[in-house]
Amino acid sequence: MRRSTALRLAATAVLAGLAATACGTGSADDPANAGQTNQAAEPVDVDTGATVDVRLVLEPTSLDIATTAGAALDQILLDNIYQGLLTRDENNKVKPSLATSYDESSDGLTYTFRLAENATFHDGAKVTAADAVWSLKQVTAKGSKNPDAAALASVKSVSATDDHTVVVKLKHRDTGLTWGLTGRAGIVFKKGTDFSTLVGKENGTGPFKLSGWKRGSSITFVRNDAYWGEKAKVAKVVFQYIKDDNAANNAQQTGQTDIETAVDATLLQPFSDRRKYTVLRGDTTDKFTLALNNAAGPTKDLRVRRAIRQAIDKPGLIKTLGGAAVQVGGPVPATDPGYEGLTSIDAYDPENAKELLRQAGYGDGLKLTVKIPNIYPAEIGDYLASQLKQVGIELTVRQVEFQTWLDAVYTKHDYQLSLVDHAEARDLSNFANPDYYFGYDNANVQKWYAAAQTASGDSERDALLKKAARQVSEDAAADWLFVNQTLTVVRSGVTGVPRNFTSNRYDLANLAVAKK
Amino acid sequence: MTLYVLRRAGLLVVSLFAASVLIFLVLRLLPGDVAQTIGGIKATPTQVAAVRHDLGLDRPLTAQYGSWIGGVVTGDFGRSVLDGTSVSGQLAEKFAVTGPLAVGAVLLALGFAVPLGVLAAVRRDSRLGGAVNALGQLGIALPTLWVGLLLVVVFAVQVRWLPAQGFPVDGWDEPGRALRSLVLPWLTLALSEGAVLLRFVRSAVLDVLHQDWLRTARAKGHTRTSALLRHGLRNAAVPVVSVLGLQIAALVAGAVVVEQVFVLPGVGQMLITDVGNRDLDKVQGEILLLTGAVLVIGFVVDLVHRLIDPKLRSAV
């Protein structure tokens, strides 16, 4: 009798706790409409001594941007610490950076870049054409360890004609060259930089300097007061690496962070007060790609691949995940060149999917396995399994560590289905490379893609890319579940916050805080 | 006693050597390697192979083990391939979080588990004893992760007394903030660890209460309380110390969960990240040092046993 009273008390306590948890993580009224694309104007009275705490998700594995891959390095280091000859604007269009202007010769084989004359490195030295030439040559050199070296594969020679002019000559026309230079392949380091020292000591040219890295928790930047261009408007930025979405939400709610990037669309409810928070909705190039092994297994058969595509209701999936995503239908997202709406190709049609499977000889059912890195929401795997079950495919979902995915799927092509977020912009090339893990080999696509690279102008290029992308989709070379949209929660008083492509680069140039 | 200590110390060295071989080999079973982490998904296979060669990952395993263990013997536990930081330096930095986290949690757990456990044993037939016992059961049943989340929702998000997550950027240079950020993790860990201890204390004291020598002590004129304090607790302490030793080792595992929930840059979080990056040179050094710590704790627990319990000493 005594014991049962105690247990009842305990049970009440547990239920009260559950209720409290539920209150803390409710879903938004209509997440599909949450988030805006404009933000408040910069305040008149800017607090130039402000510190801004920003929640990011993935911590860099190293700060050696010259030889270590990873979007987490690009995200914080490009534009803020290091600058290239060119950069990207908030809509992923190429714009000048250390090179204030550039010309392309009429045959498209010579590019001439003019460097800003007052640009300096953080150690005070002037940025000269010799530095830029040296840096580009490190990327194009034989045996280069720059993971982005392929971006400059068309370069024949790099030279300086005076202190501030760099001439790049190409082997053939390359419509991707200027884009390539906006990435890490285009960074200008001081001539003779020992890349192995970049981990702890940077000498960039950007508006911020590296102040400290607490591994496992945060990286701190401080304003470069000697910056050659318009100086940053905040004194300090602390990037806090918080993987867990709930923990990140708590941090933003309690004021531990000023900006929360990559917010889970189903956890927006605490930020519904517009006087306290702005929710920004931005574009990404994160294509959640369901790879269908084109080279081996049942998915070698076009009918099976098409059946899988037609069996999956994409709008339903987007709704399940909270609504912050758009349908795509092909390998090119709306913000990349070569985009056109392709969602009508292999649109949702479970009955036809069953018919296709029957024709392919799987009328009695088919067993498949999908390998998914465990960093993505588990709901995606569950959703795929339940959708495919309706057309007679029994899908086993195997959650794997990302490194295991890299080894098994990416390197050894040991998979039937695989799901990964292909976050790179302009990566249609993966479908023009038969050795890539997709195993997709279509001579026309390869020809059109190559022609697009050497096209004489953007319109010719875009037409060829469109043709290739359409073919890729018609061949069901993969399925594209959705392109993510990214949500950022900003506390009131903070402006100039990056909205688009925030996991690729996080340009802090316009970030400002109103004086209290 | 000296002979015993020497023998135990010899065993410790042999165990450490065996552990180093095991750690090295088991880590090599993981798919993927750090060269792929460095090269990412844009590097060509040739580039990745070049990185692998530069790092010596293409050498035979015996050679790799040899160069590692050679360093360990001279006190060099290795370096991160990715960012060049030393294993001992990084462990020291992370222990500044995990150490206080674990020690504080153990003290807190002992602080409530011992008095409550004794109370639950002595008053086992009363309402109070039953309630304490039920509380202990509940503490064991609740998942650490869930308790942590609940504490955050109540004390950080609702009433805003304590920070929801993280550790100050300047660490212990800001002692007030550092302490505040450890309060909820301490509670979370202490609750689950303490509940287990409470049950052991209770059963150990119950065992002792029925012993003949305790009755003898009371017959000689001791009150129940003084008999328990002078003779009972010391005897009850023997099994409790054993369990505590095991619990401290288990704390490392518990800390991994708690560090995730509270986003604390501690040892557990570092290990997860390093394994994910396949920074094996660093991981093997870290695990060897941790294994060493657990073995040394076992060694100390054995010695403490002998100090508490004269029966063990004469048995040699």
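These are my notebook entries on a predicted model.

**Ground rules.** I count residues from 1 along each chain as its sequence is written, with chains lettered from A and ligands numbered from 1 in the order in which they are written. Local features need pLDDT of at least 70 and side-chain atom pairs count only at pLDDT 80 or more, while totals for chains, interfaces and linings use all residues.

**Chain A, overall.** I looked up the helices and strands (DSSP runs, H or I of at least four residues for helices and E of at least two for strands, numbered from the N terminus) and found 12 helices and 19 strands. The C-alpha trace spans about 85 × 65 × 40 Å along its principal axes. I then checked the radius of gyration, taken over C-alpha atoms. Chain A has 25 Å, which agrees with the value near 24 Å for a compact globule of 516 residues; that rule is 2.2 Å times the number of residues to the power 0.38.

**Burial.** I call a residue buried if 20 or more other C-beta atoms, placed from the backbone, lie within 10 Å of its own. In chain A, 49% of the 516 residues count as buried.

**Helix 6 of chain A.** Which residues does this helix cover? It runs over residues 302-311, and 8 of its 10 residues are buried, including Val304(A), Arg305(A) and Ile308(A). These buried residues pack against strand 12, helix 8, helix 9 and strand 17 of chain A.

**Chain B.** The unreviewed UniProt entry places "domain: ABC transmembrane type-1" at residues 95-305; such annotations may be inferred rather than shown by experiment. I found this span to be 83% helix and 0% strand.

How values were computed:
Buried ≥ 20, exposed ≤ 12 C-beta atoms within 10 Å, placed from the backbone. Contact = placed C-beta atoms within 7 Å.
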